[in-house]
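Here is a short tour for someone meeting this structure for the first time. Please keep the sequence and the 3D view open while reading.

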Amino acid sequence: MNIGIRSLLPVLLAVLSSTVLPAETKPFDQTTLEALQAANKPVLIDVYADWCPTCKQQEPILSELLARPEFKDYTVLRVNFDSQKAVRRALGVAQQSTLIVYRGKREVARSTGDPNQDSIAATLRKALS
């Protein structure tokens, strides 16, 4: 049986429209943070280092969690621990693998060195309630 591409198009469009896109990830930028805060959006600031084993553990966990519909409104702003020292100081971050969650202008949660999926999910949920 030969199925034409036109007959598959409605099915393909239905699948694509029901797919939840993961949270957007961007390099940290103060202007972007302020715009997201003004819009009262949930923001995750991910302070990482390329050499950090805990950061490497957190990365797939964050990817999986942020792909869930529950966290679709998040924007992730990544701060490089080694090259963005002024940003680290401004945020009060002393260690890599630090996750900071904002809802609007208010910091609602912070964790450092946590590679546990359940507790990271709980941290992210604090900006949703």
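## A buried aspartate

Start with Asp 46. This residue counts as buried, because its relative accessibility is 6% and the cut-off is under 20%. The model is a predicted one. Asp 46 sits in strand 2.

What does Asp 46 touch, beyond residues up to four places away in sequence? Its contacts are Leu 62, Val 76, Leu 77, Arg 78, Val 79, Thr 98 and Leu 99. Take Val 79 from that list. Asp 46 and Val 79 are 33 residues apart in sequence, yet their C-alpha atoms are 6.0 Å apart in space.

## The overall layout

Now step back to the whole chain. It has 5 helices and 5 strands. Along the sequence they run α-β-α-β-α-β-α-β-β-α. The chain has 129 residues, and 38% of them count as buried.

Contacts across the sequence can be put in one figure. Among contacts in the chain with a separation of 6 or more, 71% join residues 24 or more positions apart. The pair Asp 46 and Val 79, at 33 residues apart, gives an example of such a separation.

## The largest nonpolar core

The largest nonpolar core holds 18 residues. Six of its residues touch the most other members: Phe 28, Val 43, Ile 45, Leu 77, Val 79 and Leu 91. Five elements give two or more residues to this core: helix 2 (30-38), strand 2 (42-48), strand 3 (75-80), helix 4 (85-91) and strand 4 (98-103). Which element gives the largest share? Strand 2 does, with 4 residues.

Look at Phe 28 in detail. Residues up to four places away in sequence are not counted here. Phe 28 touches Leu 33, Ile 45, Leu 77, Arg 78, Val 79, Gln 84 and Val 87. There is also a second, separate core. This second core has 17 residues, among them Leu 44, Leu 66, Val 101 and Ala 121.

## The largest pocket

The largest pocket encloses about 150 Å³ of space. How many residues line the largest pocket? The lining has 11 residues. Nearest the centre lie Thr 25, Glu 59, Leu 62, Ser 63 and Leu 66.

Strand 2, helix 3 (53-66) and strand 3 each supply at least two residues of this lining. Helix 3 gives the most, with 4 residues. By type, the lining of the largest pocket divides into 6 nonpolar, 2 polar and 3 charged residues.

## Gln 58 and the cysteines

Gln 58 is found in helix 3. Is Gln 58 buried or exposed? At 1% relative accessibility, Gln 58 counts as buried. Leaving aside neighbours within four places in sequence, Gln 58 is in contact with Ser 97, Leu 99, Gly 113, Asp 114, Pro 115 and Ile 120.

Two cysteines are worth finding in the view. Cys 52 is buried, with a relative accessible area of 2%. Cys 55 is buried as well, at 7% relative accessibility. The structure holds 0 disulfides.

## Two loop residues with positive phi

Most residues other than glycine have a negative phi. Asn 40 has a positive value instead, with phi near 60°. Asn 40 lies in the loop between helix 2 and strand 2. Its relative accessible area is 39%, so Asn 40 is partly exposed.

Ser 97 also has a positive phi, near 60°. Ser 97 is in the loop between helix 4 and strand 4. With a relative accessible area of 4%, Ser 97 is buried. Ser 97 appears again among the contacts of Gln 58.

## Arg 103 and its partners

The last stop is Arg 103, in strand 4. Arg 103 is partly exposed, with a relative accessible area of 27%. Where does Lys 41 lie relative to Arg 103? The two are 62 residues apart in sequence, but 5.9 Å apart in space, C-alpha to C-alpha.

Neighbours within four places in sequence are again left aside. Arg 103 is then in contact with Asn 40, Lys 41, Pro 42, Val 108, Ala 127 and Leu 128. Asn 40, one of these partners, is the loop residue with phi near 60°.

Technical notes
Residues numbered from 1 in each chain as written. Predicted model: local features only at pLDDT ≥ 70, side-chain atom pairs only at ≥ 80, totals over all residues. Heavy atoms only, no water. Core = buried A, V, L, I, M, F, W, Y, C linked by side-chain atoms within 4.5 Å. Buried < 20%, exposed > 50% of the residue type's maximum accessible area, 1.4 Å probe, protein only. Contact = heavy atoms within 4.5 Å. 1 Å grid on protein atoms, 1.4 Å probe; cavity = no way out; pocket = protein on both sides within 12 Å on 5 of 7 lines; lining within 4 Å. Points joined across faces, edges and corners; volume = space filled by probe spheres on them. Nonpolar A, V, L, I, M, F, W, Y, C, P; charged D, E, K, R; others polar. Disulfide = S-S within 2.5 Å.
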